[in-house]
Amino acid sequence: MEIKNNIKGLEAELSGNSCRLIAVSKTQPIEKLLEAYAAGQRLFGENKAQEMAAKQGALPNDVAWHMIGHLQTNKVKYIAPFVALIHSVDSLRLLEEIDKQGKKFNRIIPCLLQVYIAQEETKFGFDPAEVLQLAEKNLDQLYPNVEIKGLMGMATLTDNTDQIRAEFQKLKNLFDQLKNRTLPPNMHMQELSMGMSADYKLALATGSTLVRVGTAIFGERIKSNHE
Ligand SMILES: *Cc1c(COP(=O)(O)O)cnc(C)c1O
């Protein structure tokens with residue numbers, strides 16, 4: 001019941017904005033995902049390829065699976081046949097592997113470029129200048145089995161809302177800048193993935209189209225060594 005109410009509450013906040021809710025279900029057991037599904041949730045986010053593949057087999061076919069965590073190239077194969085959107089493309093090597101797997105499974109895999117906007121040293125991603133350079137390339141020839149649908153970013157983990165807002169705004173500015181350019185045929189600025197439980201309201205106000213919310217739906221996660 002709690003999961004359902006959390007989802008309904010978030011949906012009410014998002015309605016009126018063209019922003020969709022991704023339920024971040026990493027580390028959560030299947031029963032909780034099914035509870036969210038029963039409440040109408042169809043977009044789920046995971047950060048580990050094998051965990052996503054296992055859950056995909058256990059949930060109905062109309063779930064859209066979003067990869068939101070750092071993805072190692074040797075793990076792309078586990079999700080390539082079904083993944084709806086890979087938010088966390090943070091290197092050309094990864095883009096190349098996604099293209100290769102897309103070819104193998106005869107599909108075009110939707111992706112976002114992860115952009116480094118936080119002050120923290122540990123966050124993955126391209127910096128804005130690299131994204132602008134990438135947008136100049138013949139991406140449709142280099143990576144024909146990939147479609148770049150937008151950008152993803154994570155703000156610094158801080159209580160300073162001015163800083164978070166400025167970081168989201170930086171990503172939004174890059175998004176708008178690209179939107180006004182002629183981009184390669186397989187690159188479109190449609191999705192801007194930003195905002196988590198702690199900062200989704202700020203992200204929404206800054207133009208996010210996909211918020212990735214975990215704990216505010218499912219409650220606290222059991223901490224793993226990887227976090
Ligand atoms: C875990 C995670 C989230 C969700 O975090 P919450 O604070 O639980 O909402 C969002 N985005 C990414 C990339 C994550 O790894």
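Here are a few short exercises on this structure, each with a worked solution.

Keep in mind that this is a predicted model, where local features need pLDDT of at least 70, side-chain atom pairs count only at pLDDT 80 or more, and totals for chains, interfaces and linings use all residues. Residues are numbered from 1 along each chain as its sequence is written, and side-chain values use heavy atoms, with hydrogens and water left out.

**Exercise 1. Find the aromatic pair and classify its geometry.**

Step 1: Start with the yardstick. A pair of aromatic rings is described by the distance of the centres and the angle of the planes. Rings of Phe, Tyr and Trp (its six-membered ring) pair if their centres lie within 6.5 Å; planes under 30 degrees apart count as stacked, over 60 as edge-to-face and the rest as tilted.

Step 2: Searching the whole structure turns up one aromatic pair. Phe44 and Trp65 have ring centres 5.8 Å apart and planes at 35°, so this pair is tilted.

Step 3: Now place the partners. Phe44 sits in strand β2 (residues 43-46) and Trp65 in strand β3 (residues 64-67), so the pair ties together parts that are 21 residues apart in sequence. Helices (H or I, at least four residues) and strands (E, at least two) are DSSP runs, numbered from the N terminus.

Step 4: Check the burial. Phe44 is buried at 0% relative accessible area, and Trp65 is buried at 2%. Buried means under 20% relative accessible area, exposed over 50%, and partly exposed in between (1.4 Å probe, protein chains only).

**Exercise 2. Describe the largest nonpolar core.**

Step 1: A nonpolar core is a set of buried Ala, Val, Leu, Ile, Met, Phe, Trp, Tyr and Cys residues joined through side-chain atoms within 4.5 Å.

Step 2: The largest one has 64 residues, and Phe44, Ile86 and Leu151 have the most contacts inside it. Helix α8 (residues 161-179) supplies the largest share of this core, six residues.

Step 3: Don't miss the second, separate core of six residues, which includes Ile22, Leu43, Leu85 and Leu112.

Step 4: Zoom in on Leu151. Beyond its neighbours within four places in sequence, its contacts (heavy atoms within 4.5 Å) include Leu171, Leu174, Phe175 and Leu178.

**Exercise 3. Work out where the side chain of Asn186 finds polar partners.**

Step 1: Asn186 lies in the loop between α8 and β7 (187-193), and this residue is buried, with a relative accessible area of 9%.

Step 2: A polar contact is a pair of N or O atoms within 3.5 Å; within protein, one must be able to donate a hydrogen and the other to accept it, and residues adjacent in sequence count only if both atoms are side-chain atoms.

Step 3: The Asn186 side chain reaches the backbone oxygen of Val146 at 3.1 Å. A polar atom of that side chain also lies 3.1 Å from the backbone oxygen of Tyr143.

**Exercise 4. List what surrounds the ligand, then pick out polar contacts.**

Step 1: Count a residue as near if one of its heavy atoms lies within 4 Å of the molecule or strand. The surrounding residues include Val24, Lys26, Ile68, Met152, Arg212 and Gly214.

Step 2: From its side chain, Lys26 places a polar atom 2.7 Å from a ligand oxygen. A side-chain N or O atom of Arg212 is 2.9 Å from a ligand nitrogen.

Step 3: Gly214 takes part through its backbone, with a polar atom 2.8 Å from an oxygen atom of the ligand.
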